[in-house]
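Me: I have a new structure to look through and would like to learn how to read it. Could we go over it together, one question at a time?

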Amino acid sequence: MIPPYCHIIDVLRRFDPTLTVSELGDDTSSFVGPDGVQKVEARIQEAGDEFENKTGHAMRERRVGAPGRPDTYEQHGIKRHTFRSGAKVWLEHRHVLPIDPAEGDAIEVRVGRDNWRDITGNEGPRWNADYVDGWIRLHSRWQATNRWQKDLREHNIRITYRYGSLGGDRGRGGETVLSDDVDDFSAPTVENPGRLPPRGTVLVGGAEDGEYVQYGGIDYNTGQLERFSRGERATSASARDGGTLVHYCPLSVRSAVADKTAVELLTYDDFTNQIGESDNISPSNKVEGWNENFEKALQKHSEARSM
């Protein structure tokens, strides 16, 4: 499941700022129409994709390449095959999750015209990485030295990896799951607490059935969220199963994606009946503000890196 950048209620409150999930009850269609929920969810994903494409920066887990399909892997060339510090290769993305063969990640180096050596499980002896900045270094003694390397130096390394949810601070996305079932009032515990910032607000669950949980700390030994508040930001607390998605991203991104989703709904799905004047702000001025907020988020989070 690809985590949504925001909850449906974030979008609907663009049209009616007083709306809450509890007010919608089980009949969300009373506000958005019989097909409205699916439309909103689809537009949330599209707006999230647009954010990633225009910034080059994912705030949720994505993958480069398909495990077991080397033709889809990201490829790089080692232009100098012997130098003391090894060959440093910049990946196309930063905030890379630790390379793990058990998760389908793979690093392969060419050892012949059509032969590749899998070195994924040899971090340390054969390669090391900076996961935040997004580069790997192959130690020179492990690089191919056969007669094909000179001719094929543009494609000497290929890799499939995950990125976008390394987390750990408030400025980048983080993704994990609940480690145990939780009722509608207890403290949630997560499997990978290091992927969340020390404090913040996470979306637990999906775009329609999820809830926002605010927390003031984490027990990194147990994964338990501390000083927590369930059902924040107009959502409702409810029991959750272990394995439920837990997603963190900066509030500016969640808000921007909700704004863009609202614009798309007005443009393509005829949600004009849901938008009205409030606080003396006309509908046209609301749309202009939503677009401006999205553009500001694109500028703030656009990926710029030097290699």
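Me: Which residues point one way from β7, and which the other way?
Reply: Before we start: this is a predicted model, where local features need pLDDT of at least 70, side-chain atom pairs count only at pLDDT 80 or more, and totals for chains, interfaces and linings use all residues. Residues are numbered from 1 along each chain as its sequence is written, and side-chain values use heavy atoms, with hydrogens and water left out. Strands (DSSP runs of E, at least two residues) and helices (runs of H or I, at least four) are numbered from the N terminus, and buried means under 20% relative accessible area, exposed over 50% and partly exposed in between, with a 1.4 Å probe and protein chains only. All the residues of β7 in question are buried, with W135 and R137 on one side and, the other way, I136 and L138.

Me: Why do the side chains take turns like that?
Reply: That is a general habit of strands. In a regular strand, the side chains alternate between the two faces of the sheet.

Me: What is the order of strands in the sheet that holds β7?
Reply: Two strands pair if DSSP finds at least two bridges between them. Here three strands make an open sheet with antiparallel pairing, and their order is β3-β7-β6.

Me: Which strands stand at the edges of that sheet?
Reply: An edge strand has a single partner strand, so one of its sides is left without a neighbour in the sheet. Here those strands are β3 (87-90) and β6 (127-130).

Me: By how much are neighbouring strands of this sheet turned against each other?
Reply: Axes are lines fitted to C-alpha atoms (for helices, over the stretch in contact), and angles run from 0 to 180 degrees between N-to-C directions. For this sheet, with direction ignored, the average is 20°.

Me: Which residue of β7 stands opposite W90?
Reply: Four bridges join β3 to β7, and the two run antiparallel. On the other side, β6 and β7 (residues 135-138) also pair over four bridges, with D130 opposite W135. W90 also faces a residue of β7, namely W135.

Me: Which residue in the turn between β6 and β7 has a positive phi?
Reply: The two strands form a hairpin, with four residues between them. A phi of about 85° belongs to G134.

Me: How many residues of β8 are buried?
Reply: β8 spans residues 157-163 and is mostly covered. I157, I159, Y161 and Y163 point one way, while R158, T160 and R162 point the other way. The count of buried residues is seven of seven.

Me: Which residue of β8 stands opposite A106?
Reply: β8 has several antiparallel partners. Three bridges join β1 (residues 62-64) to it, with R62 opposite Y163, and three bridges join β2 (residues 74-76) to it, with Q75 opposite R158. β4 (residues 106-110) pairs with β8 over four bridges, and there A106 faces T160.

Me: Why is helix α1 described as largely enclosed by the rest of the structure?
Reply: The helix covers residues 8-15, and its buried residues are I8, I9, D10, V11, L12 and F15. It is largely enclosed because the buried residues number six of the eight.

Me: How are α1 and α4 arranged: roughly parallel or roughly perpendicular?
Reply: Two packed helices are described by the angle between their axes and the distance between the axes. α1 and α4 (residues 36-55) pack at about 105°, with axes 10 Å apart. Under 35 degrees counts as roughly parallel, over 145 as roughly antiparallel, 65 to 115 as roughly perpendicular and the rest as oblique. The two helices are therefore roughly perpendicular.

Me: How many residues of that contact are nonpolar?
Reply: Contact means heavy atoms within 4.5 Å, and this one is made by I8, V11 and L12 of α1 with V37, V40, E41 and I44 of α4. Ala, Val, Leu, Ile, Met, Phe, Trp, Tyr, Cys and Pro count as nonpolar, Asp, Glu, Lys and Arg as charged, and the others, Gly among them, as polar. One residue is charged, none is polar, and the nonpolar count is six.

Me: What share of the chain counts as buried?
Reply: The chain has six helices and 15 strands. Of its 307 residues, the buried share is 49%.
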